[in-house]
Amino acid sequence: MTAARTAPDILSAEFAANPYAAYRIMLDDTPLIWHEAMQTYIVSRYEDVARAFKEPTFTTDNYDWQLEPAHGRTILQMSGREHAVRRALVAPAFRGSELERKFLPVIERNSRELIDAFRGAGRADLVTDFARHFPINVIVDMLGLDRGDHEQFQKWYMAIIGFLSNLSQDPDVTAAGIETREELAAYLIPIIQERRANPGDDLLSTLCAAEVDGTQMDDEDIKAFCSLLLAAGGETTDKAIASIFKNLLEHPEQLEAVRADRSLIPRAFAETLRYTPPVHMIMRQPAQDVELAGGVVPAGSTLTCLIGAANRDERRFAHPDRFDIFRDDLPTDTAFSAASKHLAFALGRHFCVGALLAKSEIEVSVDQLLDAMPDVRIDDDVTPVEQGVFTRGPASLPVRFTPVG
Ligand code: HEM
């Protein structure tokens, strides 16, 4: 019998450089870990992570300290009826006709404008010139806020995502997150009050008017939700766009298949979400002692669920370390719904509200980027590297191409 390998440390430099090697050890040998410095239990296997997302015993009370200081109280912390009502208030804006009619033109325009800035240059960094700005610009536009404030939003966005990823609790990063909460409130509350008086055809006005069973959101609720959107809808999609291009550029035959048949973009997106999910870990707080992964996770403790590991569990996916948009164990028709087989959008009650919006953003932007860059390739002598532990994506993605026309 071989001795079990030591449990990897998710705060170590080795883990940050290559979490996938550590995930393999966890999946094989240490499916339940106690991390002393982070004061958290950690699970990695698909079955355990999926259970933690689906069973109500695993509450989201951890967001009281993880998110509330930066955003105020948001939907992610809610449970039971309060959560169901809040979901019913916000979800319609992000699906179906509302998404198609109002927001598709916004998505197309914002993608085109960013590409226009580099389409003649023959080179671009797809992270800094495109991915980092596109989803934030879309959200600012959807909310009907001043497009001149894009840069200000970019600053708030960077402070908020810094706060959320602050696993080692750096005090300066914490302070910047809390300051952003105050600045964002000072900016947004007067605009929300204005929209209540003079509603328009924008998302902010829709949120002000939304009513379910006699319940409406107050100004603070709406401000907190907008703040959450910057992180939940910004950083995630930012990382997803960069990752889909990195994965395709590193697999040129799959890139060419997608270029030739754009209906494959959702497949490439689903496989990117499995193989390199933007959010690698999500936390939960059990309400009771729970038996999980061969041990007991006590009531009130923090449980870290490794999405990045679960998505590479060979008990669930064949050849999990292979990027293959044609794999037959990841159906695309469910990949953007709560019946999804990958766990990148979580599962259960808190399943990502913006999954269909993210799909539209990826479909439009990948299609436009492929048109603008007919022979796109990674810049000479560059090996793109992934960065981040909590959320993860390419740090930069410099490409070259022959300009069209
Ligand atoms: C590729 C892009 C995206 C990824 C990977 C992603 C991932 C996730 C995950 C993992 C959760 C569950 C969190 C938990 O259970 O603790 C979530 C929830 C959520 N996401 Fe996304 N997301 C993406 C895009 C978006 C977009 C574009 C929006 C904008 C509307 C959005 C808004 C939300 C909201 C509001 C929630 C909270 C839902 C609830 O608590 O009921 N996300 N997302």
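This report describes a predicted model of a protein chain with a ligand, from the overall fold to the core, the ligand shell and one helix residue.

## Overall fold

The protein chain is made up of 17 helices and 12 strands. Along the principal axes, its C-alpha atoms occupy a box of roughly 65 × 55 × 40 Å. The radius of gyration is 21 Å, which agrees with the value near 22 Å for a compact globule of 405 residues.

Of the 405 residues, 44% count as buried. Among contacts in the protein chain with a separation of 6 or more, 69% are between residues 24 or more positions apart.

## Nonpolar core

The largest nonpolar core holds 107 residues, and the members that touch the most others are Val43, Val49, Cys305, Leu306 and Ile307. Helix H13, residues 219-249, supplies the largest share of this core, with 15 residues. In soluble globular proteins, nonpolar side chains tend to be buried together.

The contacts of Val49 link several of these core members. Beyond its neighbours within four places in sequence, Val49 is in contact with Val43, Cys305, Leu306 and Ile307, and also with Ala310 and Leu343.

## Ligand shell

The ligand is surrounded by 24 residues, of which Gly233, Thr236, His350, Cys352 and Gly354 are the closest. Two elements give two or more residues each to this shell: H13 and helix H17, which spans 355-372. The largest contribution is that of H13, with seven residues. Helix H13 thus appears both here and as the source of the largest share of the core.

Sorted by class, the shell has 17 nonpolar residues, six polar residues and one charged residue.

## Ile265 and its surroundings

Ile265 is located in helix H15, which covers residues 265-275. Ile265 counts as buried because 22 C-beta neighbours lie inside 10 Å, and the threshold for a buried residue is 20 or more.

Apart from residues up to four places away in sequence, Ile265 touches Val258, Ile362, Glu363, Val366 and Asp367. Helix H17 runs over 355-372, so the contacts of Ile265 with Ile362, Glu363, Val366 and Asp367 are contacts between helix H15 and helix H17, given that a helix is a continuous DSSP run.

For Glu151, which is 114 residues from Ile265 along the chain, the separation of the two C-alpha atoms is 30 Å.

Conventions. Residues numbered from 1 in each chain as written. Predicted model: local features only at pLDDT ≥ 70, side-chain atom pairs only at ≥ 80, totals over all residues. Core = buried A, V, L, I, M, F, W, Y, C linked by C-beta atoms within 7 Å. Buried ≥ 20, exposed ≤ 12 C-beta atoms within 10 Å, placed from the backbone. Helix = DSSP H or I, 4+ residues; strand = E, 2+ residues; numbered from the N terminus. Contact = placed C-beta atoms within 7 Å. Near = placed C-beta within 6 Å. Nonpolar A, V, L, I, M, F, W, Y, C, P; charged D, E, K, R; others polar. Rg over C-alpha atoms; globule rule 2.2 N^0.38 Å.
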